[in-house]
Amino acid sequence: MSVLDKMQAAAASIWSPPEMKFSADWIVCAPPEIRTAFLDSLGPDEVQALPYLFDFWALDHQRPPAGDWRTWVILGGRGAGKTRAGAEWVRRMAEGGRPQDKGSARRIAIVGETYDQAREVMVFGDSGIMACSPPDRRPKWVAGRHMLVWPNGAEAQVFSAFDPEALRGPQFDAVWADEIAKWKRGAETWDMIQFGLRLGEDPRACVTTTPRNAAVLKDLLDRDSTVVTHAATQANRANLAKGFLEEVERRYGGTRLGRQELEGVLLADAEGALWTSAGLADRQVEAAPDLDRVIVAVDPPVTGHAGSDACGIVVVGVVMQGPVAEWRAYVLADATVTGALPSAWAKAAIEAMHRYGADRLVAEVNQGGALVEEVVRQVDPLVPYRAVRASKGKVARAEPVAALYEQGRVMHLRGLGALEDQMCLMTLQGFQGQGSPDRVDALVWALHEAIVAPSAQWSEPRMRSIY
């Protein structure tokens with residue numbers, strides 16, 4: 001019986017709620033007297049082993065998935081515990097039941113973005129292999145060979161993703177690759193890793209990374225042989241400084257960069273997209289200044305039932321200072337609703353107008369015609385309303401709006417993640433996502449009303465009112 005099994009048996013004899021499995025949560029949630037009784041029930045060896053039993057301490061996203069897989073990808077925000085999970089997986093592969101027993105892997109590759117990062121983070125870091133290993137199983141570092149050697153003879157060699165040619169000769173039965181989405185030569189290095197991952201009966205790789213829009217990562221995630229676990233930074237909050245969490249949430253919460261770096265969400269940009277993740281990150285502001293005009297734009301769905309496309313509703317404010325060419329817009333909110341009846345999306349649009357003090361509601365009427373205005377006026381008969389009709393395709397309408405972003409004339413408040421995701425999938429060849437880009441359509445109509453149309457209408461270098 002393993003140490004963990006002995007502990008679980010001891011725990012069950014003291015206190016074992018049926019809905020809770022034996023883990024670190026068991027200790028945290030148990031009454032104080034139960035925790036004391038459990039710890040008193042352990043022998044000296046078991047107490048010493050407890051800090052190194054990762055199956056006990058691990059979070060769900062840090063445990064290898066069951067089943068037949070070739071690569072396990074751990075996607076997570078900053079501080080989500082990815083490095084610890086990777087180091088513990090290497091331990092699991094290298095170690096046997098006892099210090100001299102063979103594990104399931106004998107030749108392991110440890111690949112970081114650079115050699116120094118691999119050594120300082122993956123090997124010697126606070127959550128690296130050396131820190132996670134118990135004294136009787138801790139490997140020795142052979143600096144001249146860039147290698148770890150375990151007491152049972154297992155070896156792990158350290159490589160840099162900057163030098164894929166160094167991976168051409170060696171062969172392995174396990175690989176831990178860290179921050180693959182940052183590798184400058186990612187595809188080339190990963191190819192070399194795959195050619196070398198050929199030893200043993202079941203060679204496997206563990207990839208730990210914060211998601212980025214990198215081709216090597218997207219290709220890896222698309223493979224049937226890949227399994228994924230995911231966690232945001234908050235999942236590991238018990239092991240992070242409170243001040244750190246408060247600061248990063250204050251600075252990056254609700255931003256596109258925050259979704260990537262804190263929530264661990266892969267933000268995809270389509271090839272040739274009119275907007276990019278990097279470009280939108282540069283457009284983030286904390287708050288809008290005093291606005292001269294606020295517009296709510298609506299892109300109604302073709303039909304009105306639970307299975308309909310979303311009804312895009314976007315709120316934009318504009319600062320009308322100086323000539324029209326110098327006006328600046330601020331995207332204030334995305335109030336889009338999904339699966340809503342016409343009366344529901346009309347109500348949502350009117351509520352957005354009231355919430356932001358909007359001056360006008362703009363709605364596309366290509367599909368609904370006069371019925372769109374009729375639905376809106378059933379909610380508010382006096383709403384300032386303008387119908388717009390598309391004479392060009394979505395891309396042709398979106399291009400001048402994208403140009404405003406390139407000129408730095410449109411800024412985004414936080415909390416527009418779903419809208420920004422759609423924007424990064426709009427290309428010159430059309431929308432590359434699923435369904436209709438309802439949010440982008442509403443954004444385009446709002447910015448056309450706010451800046452594009454006035455710019456085309458007037459050429460005099462003085463401010464005009466378009467109420």
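**Exercise 1.** In this predicted model, both tryptophan 275 and tyrosine 405 are buried. Work out what kind of aromatic pair tryptophan 275 and tyrosine 405 form, and which parts of the chain the pair ties together.

*Solution.*
- Start with the geometry: the ring centres of tryptophan 275 and tyrosine 405 are 5.7 Å apart, with 85° between the planes.
- Planes over 60 degrees apart count as edge-to-face, and the pair of tryptophan 275 and tyrosine 405 is edge-to-face.
- Now place the residues. Tryptophan 275 sits in the loop between α12 (256-261) and α13 (277-281), while tyrosine 405 belongs to helix α16 (residues 394-406), so the pair joins parts that are 130 residues apart in sequence.

**Exercise 2.** Decide whether phenylalanine 124 is buried, partly exposed or exposed, then do likewise for tryptophan 141.

*Solution.*
- Buried means under 20% relative accessible area and exposed means over 50%.
- Phenylalanine 124 has 36%, so it is partly exposed.
- Tryptophan 141 has 21%, so it is partly exposed too.

**Exercise 3.** Find the strands at the edges of the six-stranded open sheet, and the helices that pack on this sheet.

*Solution.*
- Write down the strand order: β13-β12-β9-β10-β11-β14, with mixed pairing.
- Read off the ends: β13 (385-388) and β14 (410-412) each have a single partner strand, so one side of each lacks a neighbour in the sheet.
- Check one end: β14 pairs with β11 (residues 328-334) in the parallel sense over three bridges, and tyrosine 330 has methionine 411 as its bridge partner in β14.
- Add the helices: α14 (residues 342-356) touches β9, β10, β11 and β12, whereas α15 (residues 370-379) touches β12 and β13.

Notes: Residues numbered from 1 in each chain as written. Predicted model: local features only at pLDDT ≥ 70, side-chain atom pairs only at ≥ 80, totals over all residues. Heavy atoms only, no water. Pairing = 2+ DSSP bridges. Helix = DSSP H or I, 4+ residues; strand = E, 2+ residues; numbered from the N terminus. Contact = heavy atoms within 4.5 Å. Axes fitted to C-alpha atoms, helices over the stretch in contact; angles between N-to-C directions. Buried < 20%, exposed > 50% of the residue type's maximum accessible area, 1.4 Å probe, protein only. Phe/Tyr/Trp six-rings, centres within 6.5 Å; stacked < 30°, edge-to-face > 60°.
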